[in-house]
Amino acid sequence: MGVVTRTVWVAAIPAMLLIVGCARSAPVSTTPTLGVERPPTVDTPSPGVTLPGTLPATQWLVSAVTRLNASGSALPAGVGNEQRLETRARITLAFARSPSGALRGRGQVDSFTVRSTLEPATAVGGTPTVGKTATPTLLLIDAVLDSSSLRVVSRPPLANECDRPEVSAMQLARELLVRVPDGVAVGGTWRDSTVTLVCRSGLPLTVYTITRSRLEQRSGALLVVMRESTSTMEGKGGSAFRAFELSGSGSGMQRLEISATTGIMERLQGTSSLTLRVVERIPPGAPRLQQVLQRVEIRAERVR
């Protein structure tokens, strides 16, 4: 998700391991016994979760490390085939929540920084720092999440979202939106399917994401949710003199700890991978190809 150069697209998107065991049976006695018959033991299902309808303003520190490995004839001169990108932000959000787990909220992003081997030295706050950039001091945002849409926008909206650092900051905020429907019990699953329109390097992209979530366990007042996502993307753009076609697919897994009392996410940790394929056409030459493998590690922790 988020930050891209002219030739490298970065989109952190956010697999679950199922372990099945079997127990050894006990030996059967051949000696007849007398006594009162007891009813068979029936497992009592764990109670479903019901979270509050209001989640108060909460602050998180969110960071992501992205590693890019590129190859192909379209790789520009002077750019290595391995790059690293680090993004970090302090994000505050408050939500209204419905019984389906849908969220609608607003908040802000501040202290957003980017460190990247893709960028030259940039002055931030008057201090030259290699590979470091920052958004304006404060970015106000609105957020919406339900089973078919996930969107974080600035307030007021940006006139043009293409290649703006604010978009990368909003992408980090997206990771904090978690839908947990009322009534789900331990072992219960739910599914979200979203379509997102984004713009990178002037190229409009459509991103299709399917997220499967599972309430893995409940330990006291703490819920553990596992999220598995798969995504595909595609886009075309440019002109008759220089055209681009992009396609990609990826998957990821996240572990989230959520308070069963307040509904607030306490921690998030996840990894994802994404493979992007770019075709550049400049007539009358042959098409040039580039492939980028992106691996992302993301962390978020509530600030008390």
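In this predicted model, the backbone nitrogen of L158 lies 3.2 Å from a polar atom of the side chain of S154, and that side chain also has a polar atom 2.9 Å from the backbone oxygen of P156. S154 itself belongs to strand β8, and with a relative accessible area of 3% it falls under the 20% limit and therefore counts as buried. Leaving out residues up to four places away in sequence, S154 touches L139, L140, I141 and M170.

The stretch that follows has a feature of its own, since P156, found in the loop between β8 (150–154) and α1, is joined to R155 by a cis peptide bond with an omega of about 0 degrees. A cis peptide bond also joins P283 and P284, where omega is about 5 degrees, and P284 is again placed in a loop, in this case between β13 (265–281) and β14 (288–303).

Returning to the loop after β8, the reader comes to a cysteine that takes part in a link across the chain. C162 and C199 form a disulfide, with their sulfur atoms 1.5 Å apart, and the count for the model comes to 1 disulfide. A disulfide is a covalent bond between the sulfur atoms of two cysteines. Because C162 lies in the loop between β8 and α1 while C199 lies in strand β9 (residues 189–200), the pair ties together parts that are 37 residues apart in sequence. The link of C162 and C199 is right-handed, with 45 degrees about the S-S bond. Both ends are covered: C162 is buried with a relative accessible area of 16%, and C199 is buried with a relative accessible area of 18%.

Beyond this loop comes helix α1, which spans residues 165–174 and has 9 of its 10 residues buried, so that the helix is largely enclosed by the rest of the structure. The buried residues of α1 are E166, V167, S168, A169, M170, Q171, L172, A173 and R174, and one of them, M170, is among the residues that S154 touches.

Seen as a whole, the secondary structure of the chain comes to 1 helix and 14 strands. Of its 304 residues, 42% count as buried, while the chain exposes about 16700 Å², of which carbon and sulfur atoms supply 56%.

What lies inside can be described through the nonpolar cores. The largest nonpolar core has 45 residues, and I91 and M265 are those with the most contacts inside it. Setting aside its neighbours within four places in sequence, M265 is in contact with W60, L176, V178, L256, E257, I258, A300 and R302. A second core, separate from the largest one, has 13 residues, including L68, A70, M233 and L274.

One further residue deserves a look for its backbone. S111, which is found in strand β3 (residues 103–116), has a phi near 55 degrees, a positive value in a residue other than glycine. S111 has a relative accessible area of 43%, which lies between the limits of 20% and 50% and therefore makes this residue partly exposed, whereas S154 in strand β8 is buried.

How values were computed. Residues are numbered from 1 along each chain as its sequence is written. This is a predicted model: local features need pLDDT of at least 70, side-chain atom pairs count only at pLDDT 80 or more; totals for chains, interfaces and linings use all residues. Side-chain values use heavy atoms; hydrogens and water are left out. Buried means under 20% relative accessible area, exposed over 50%, partly exposed in between (1.4 Å probe, protein chains only). Helices (H or I, at least four residues) and strands (E, at least two) are DSSP runs, numbered from the N terminus. A nonpolar core is a set of buried Ala, Val, Leu, Ile, Met, Phe, Trp, Tyr and Cys residues joined through side-chain atoms within 4.5 Å. Contact means heavy atoms within 4.5 Å. Accessible areas come from the Shrake-Rupley method with a 1.4 Å probe; for residues, only the protein chains shown count as cover. A disulfide is a pair of cysteine sulfur atoms within 2.5 Å. A polar contact is a pair of N or O atoms within 3.5 Å; within protein, one must be able to donate a hydrogen and the other to accept it, and residues adjacent in sequence count only if both atoms are side-chain atoms.
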